[in-house]
Amino acid sequence: MSYEDVGGTCKLFVNGVQYNLKGDPTYDVGGTKRTPIMGVDGRMHGYKKETVMSKLTCTITNTSELDIIELRQLNNATIKLEEPNGKTFVMMGGAFSGDPSVSGAEGEISCEFSGPPGEELAP
């Protein structure tokens with residue numbers, strides 16, 4: 001049996017600029033979500049279909065060049081996460097949507113980006 005690289009170092013790019021990714025990123029590509037609709041008769045009657053946004057959460061290093069105010073105001077950006085397995089998550093038209101919580105002890109900032117449904121590109 002052959003094993004592939006599935007864990008390791010990820011790379012985060014925002015509008016083509018690489019950020020110093022510190023913590024493990026997590027993302028949801030967004031898209032179609034189906035929620036079951038149950039009837040009072042105890043049977044499932046179908047699904048409610050809705051479109052959900054994509055979201056990427058991560059931790060980056062708070063370097064002297066990083067402008068936290070500019071980061072917070074980020075809008076209509078291209079967010080790209082390159083994974084060690086060769087896949088790439090891309091969110092077009094993304095915005096910084098969280099609160100940039102800064103930790104002084106480790107020099108890190110928690111980040112959240114959200115936008116329209118993204119894409120997961122295969123290697």
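Which residues form a nonpolar patch on the surface? Met38, Met44 and Tyr47 do, in a model that is predicted.

**View 1. A nonpolar patch sits on the surface.**
Met38, Met44 and Tyr47 together offer about 340 Å² of accessible area. Tyr47 belongs to strand β5, residues 44–52. Its relative accessible area is 48%, so Tyr47 is partly exposed.

**View 2. Strand β8 pairs with β7, β11 and β10.**
β8 spans residues 88–96, and seven of its nine residues are buried. Strand β7 (residues 77–82) runs antiparallel to β8, and five bridges join the two. Leu81 stands opposite Phe89 in β8. With strand β11 (residues 119–121), β8 pairs in the antiparallel sense over three bridges. Here Val90 has Glu119 of β11 as its bridge partner. Strand β10 (residues 108–115) is also antiparallel to β8, joined by two bridges. Ala95 is matched there with Ser114 of β10 as bridge partner.

**View 3. β7 and β8 form a hairpin.**
Five residues lie between the two strands. Gly86 sits in the turn, with a positive phi of about 95 degrees.

**View 4. Thr88 is a buried residue of strand β8.**
The relative accessibility of Thr88 is 15%, so Thr88 counts as buried. Setting aside neighbours within four places in sequence, Thr88 is in contact with Lys80, Leu81 and Glu82. Glu119, Glu120 and Leu121 are also among the contacts of Thr88.

**View 5. Lys87 and Glu120 form a salt bridge.**
Their closest N and O atoms are 3.7 Å apart. Lys87 lies in the loop between β7 and β8 and Glu120 in strand β11, so the salt bridge ties together parts 33 residues apart in sequence. Lys87 is partly exposed, at 30% relative accessible area. Glu120 counts as partly exposed too, at 42%.

**View 6. Thr59 is buried in strand β6.**
Thr59 has 18% relative accessibility, which is under the 20% cut-off, so Thr59 counts as buried. Residues up to four places away in sequence are not counted in what follows. Thr59 touches Asn20, Leu21, Lys22 and Gly23. Thr59 also touches Glu108, Ile109 and Ser110. Two of these contacts, Lys22 and Glu108, are linked with Glu106 in a network of salt bridges.

**View 7. Leu66 is buried in a loop.**
Where does Leu66 lie? Leu66 is placed in the loop between β6 (54–61) and α1 (68–72). Is Leu66 buried or exposed? At 18% relative accessibility, Leu66 counts as buried. Not counting residues up to four places away in sequence, Leu66 touches Tyr19, Ile60, Thr61 and Ile109. From Leu66 to Met1 the C-alpha separation is 44 Å, and the two are 65 residues apart in sequence.

**View 8. Cysteines without a disulfide.**
A disulfide is a covalent bond between the sulfur atoms of two cysteines. How many disulfides does the structure hold? The count comes to zero, with a sulfur–sulfur cut-off of 2.5 Å. Cys10 is in no disulfide, and its nearest cysteine sulfur, that of Cys58, is 10 Å away. Cys58 is in no disulfide either; the sulfur of Cys111 is the nearest to it, at 4.7 Å. Cys58 is buried, with a relative accessible area of 4%.

**View 9. Asp99 and Arg72 meet in a salt bridge.**
The N to O distance is 2.7 Å. The pair links distant parts of the chain, 27 residues apart. Asp99 lies in the loop between β8 and β9 (102–103), and Arg72 lies in helix α1. Asp99 is exposed, with a relative accessible area of 55%. Arg72 is partly exposed, at 42%.

**View 10. Arg43 forms a salt bridge with Asp41.**
The closest N and O atoms are 3.2 Å apart. Arg43 counts as exposed, at 53% relative accessibility. Asp41 is partly exposed, with a relative accessible area of 44%. How many salt bridges does the structure hold? The structure holds six.

Definitions and conventions: Residues numbered from 1 in each chain as written. Predicted model: local features only at pLDDT ≥ 70, side-chain atom pairs only at ≥ 80, totals over all residues. Heavy atoms only, no water. Patch = residues over 30% accessible without salt bridge, like charges linked within 9 Å, V, L, I, M, F, W, Y side chains within 5 Å. Areas by Shrake-Rupley, 256 points an atom, 1.4 Å probe, with all protein chains shown as cover. Salt bridge = Lys/Arg side-chain N within 4 Å of Asp/Glu carboxyl O. Helix = DSSP H or I, 4+ residues; strand = E, 2+ residues; numbered from the N terminus. Buried < 20%, exposed > 50% of the residue type's maximum accessible area, 1.4 Å probe, protein only. Contact = heavy atoms within 4.5 Å. Pairing = 2+ DSSP bridges.
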